[in-house]
Amino acid sequence: MTDPPHVNYTWSIQESVGAGKDVVMVGYNYFEFIDGLTYLVNNNYIQVSRIDDAVNRILRVKFVMGLFEFRYLI
């Protein structure tokens, strides 16, 4: 999303979460994503309610799929 790539990773996090992305698959450098998201939430760039909505949707899908019925399969 930025040019050159990775020049403003925090902005990329803010834009992707704001666009409705609920699941972020971070490969090897997940600490940078967690730090960036935490910074954005703590400084009110991203509302906690947005994170709550994403978690709610993810858990709802897992529940509908039956992933919580057999606890040893999770």
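A residue counts as buried when its relative accessible area is under 20%, as exposed when that area is over 50%, and as partly exposed in between. Keep these limits in mind while moving through what is a predicted model.

Begin by selecting arginine 50, which at a relative accessible area of 17% is buried, because that value falls under the 20% limit. Which residue does the side chain of arginine 50 meet in a salt bridge? The partner is aspartate 22, with a distance of 3.1 Å from N to O. Aspartate 22 belongs to the loop between helix H1 (9–18) and helix H2 (30–42), whereas arginine 50 sits in helix H3, so the contact ties together parts of the chain that are 28 residues apart in sequence. In contrast to its buried partner, aspartate 22 is partly exposed, with a relative accessible area of 26%.

Keep aspartate 22 selected and add arginine 57, which forms a salt bridge with that aspartate, the closest N and O atoms being 2.7 Å apart. Here again distant parts of the chain are linked, since arginine 57 is in helix H3 and aspartate 22 in the loop between H1 and H2, 35 residues apart. Arginine 57 is partly exposed, its relative accessible area being 34%. With Asp22, Arg50 and Arg57 displayed together, the view shows one network, joined by salt bridges that share partners; the structure holds 2 salt bridges.

Next, hide the charged residues and select Ile13, Val17, Phe33, Leu37, Leu40, Val41 and Ile46, the 7 residues that make up the largest nonpolar core. Helices H1 and H2 each supply at least two residues of this core, and H2 gives the most to it, with 4 residues. In soluble globular proteins, nonpolar side chains tend to be buried together. To examine the packing from one position, centre the view on isoleucine 13, which touches Phe33, Gly36, Leu37 and Leu40 when residues up to four places away in sequence are not counted.

Finally, turn to the surface and select Val55, Leu59, Phe63, Val64 and Phe68, which form a nonpolar patch there with about 510 Å² of accessible area together. Where does phenylalanine 68 lie relative to helix H3? Phenylalanine 68 is found in the segment after that helix, which spans 48–64. With a relative accessible area of 42%, phenylalanine 68 is partly exposed, so it passes the cut-off of over 30% that patch residues have to meet.

Methods. Residues numbered from 1 in each chain as written. Predicted model: local features only at pLDDT ≥ 70, side-chain atom pairs only at ≥ 80, totals over all residues. Heavy atoms only, no water. Patch = residues over 30% accessible without salt bridge, like charges linked within 9 Å, V, L, I, M, F, W, Y side chains within 5 Å. Areas by Shrake-Rupley, 256 points an atom, 1.4 Å probe, with all protein chains shown as cover. Salt bridge = Lys/Arg side-chain N within 4 Å of Asp/Glu carboxyl O. Buried < 20%, exposed > 50% of the residue type's maximum accessible area, 1.4 Å probe, protein only. Core = buried A, V, L, I, M, F, W, Y, C linked by side-chain atoms within 4.5 Å. Contact = heavy atoms within 4.5 Å.
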